[in-house]
Amino acid sequence: TQSISSPFFVSDEANNIHAFWVQSPSSVYDESNASIYYARWNGRRWLFDVSILGGLGGLPTQLSAEMDADGRMFLTWVDANNGDLLFSWAYADKANVPTEWLTPQRLPSLSQWTSAPDILVDATGKLVVVYAVPLNDARGVYIVESSDSGQNWSLPIKVFDAVSEDWSMVDNPEIALDAG
């Protein structure tokens, strides 16, 4: 029996809907076999339904995806086993081909326990990932940025300090761009 979790959807300019989810054995002892799956809705039917990132060694959760103007699909998630924030990408037109996805890389974090990543691409192509460190002395909201499609990332920048604001917990940040 398989379990499905963490669904995330993103649309593109051609009105396709790209779906990502985690599929894993229901046995708690076999979480290391969890995979990230992908499918695309073309307006008439679902295409693909394929494992794109498997053998991750942990349980991927809290998926977030975004596309840039060049057709690249960027994906972030949290490894539930150790709290690492991870990143990969592929061109959207080849997102159903597992070998097209970049080997997952760990994003910079000041804590091993990250939560709720959200990703966006600005007009210049800069990638921005916002995430929370929900508990402990480092709790707050952080961002990391990449100006080269995820090859290199900035050090984490704390944009909200939950400790100094006397919040006992913080989670689920979202990032958006306005016209300015």
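**Exercise 1. Find how many bridges join strand 10 to strand 11, and place that pair within its sheet.**

Solution. Begin with the pair itself: strand 10, residues 127-133, and strand 11, residues 140-146, run antiparallel and are joined by seven bridges. The structure examined here is a predicted model, and the pairing can be followed in it residue by residue, since A132 stands opposite V141 in strand 11. Next, widen the view to the sheet, which is open, has four strands in the order 9-10-11-12, and is paired in the antiparallel sense. Strand 9 (115-121) and strand 12 (157-161) stand at its edges with a single partner strand each, so one side of each has no neighbour in the sheet. Finally, consider the twist: neighbouring strands of this sheet are turned against each other by 20° on average, with direction ignored.

**Exercise 2. Work out which strands are the edge strands of the sheet with the order 1-2-3-4.**

Solution. Start from the order, which belongs to an open sheet of four strands with antiparallel pairing. The strands that pair on one side only are strand 1 (2-11) and strand 4, and these are the edge strands. Here the average turn between neighbouring strands, direction ignored, is 25°. Then look inside the sheet, where strand 2 and strand 3 pair over seven bridges in the antiparallel sense, and where H18 has R40 in strand 3 as its bridge partner.

**Exercise 3. Identify which residues have the most contacts inside the largest nonpolar core, and which strands supply it.**

Solution. First take the core as a whole: it has 20 residues, and F20, I36, M73, L75 and W101 are those with the most contacts inside it. Then turn to the strands, for at least two residues of this core come from each of strand 2 (17-25), strand 3 (35-41), strand 4 (46-53), strand 5 (60-67), strand 6 (72-79) and strand 7 (85-91). Lastly, note that another core lies apart from this one, with 15 residues that include F74, V121, V144 and W153.

**Exercise 4. Describe the largest pocket by its volume, the residues closest to its centre and the character of its lining.**

Solution. The volume comes first, and it is about 190 Å³. The pocket is lined by 13 residues, of which D12, E13, M67, D68 and G71 are the closest to its centre. To complete the description, sort the lining by character: six of its residues are charged, four are polar and three are nonpolar.

Terms used:
Residues numbered from 1 in each chain as written. Predicted model: local features only at pLDDT ≥ 70, side-chain atom pairs only at ≥ 80, totals over all residues. Heavy atoms only, no water. 1 Å grid on protein atoms, 1.4 Å probe; cavity = no way out; pocket = protein on both sides within 12 Å on 5 of 7 lines; lining within 4 Å. Points joined across faces, edges and corners; volume = space filled by probe spheres on them. Nonpolar A, V, L, I, M, F, W, Y, C, P; charged D, E, K, R; others polar. Core = buried A, V, L, I, M, F, W, Y, C linked by side-chain atoms within 4.5 Å. Buried < 20%, exposed > 50% of the residue type's maximum accessible area, 1.4 Å probe, protein only. Pairing = 2+ DSSP bridges. Axes fitted to C-alpha atoms, helices over the stretch in contact; angles between N-to-C directions.
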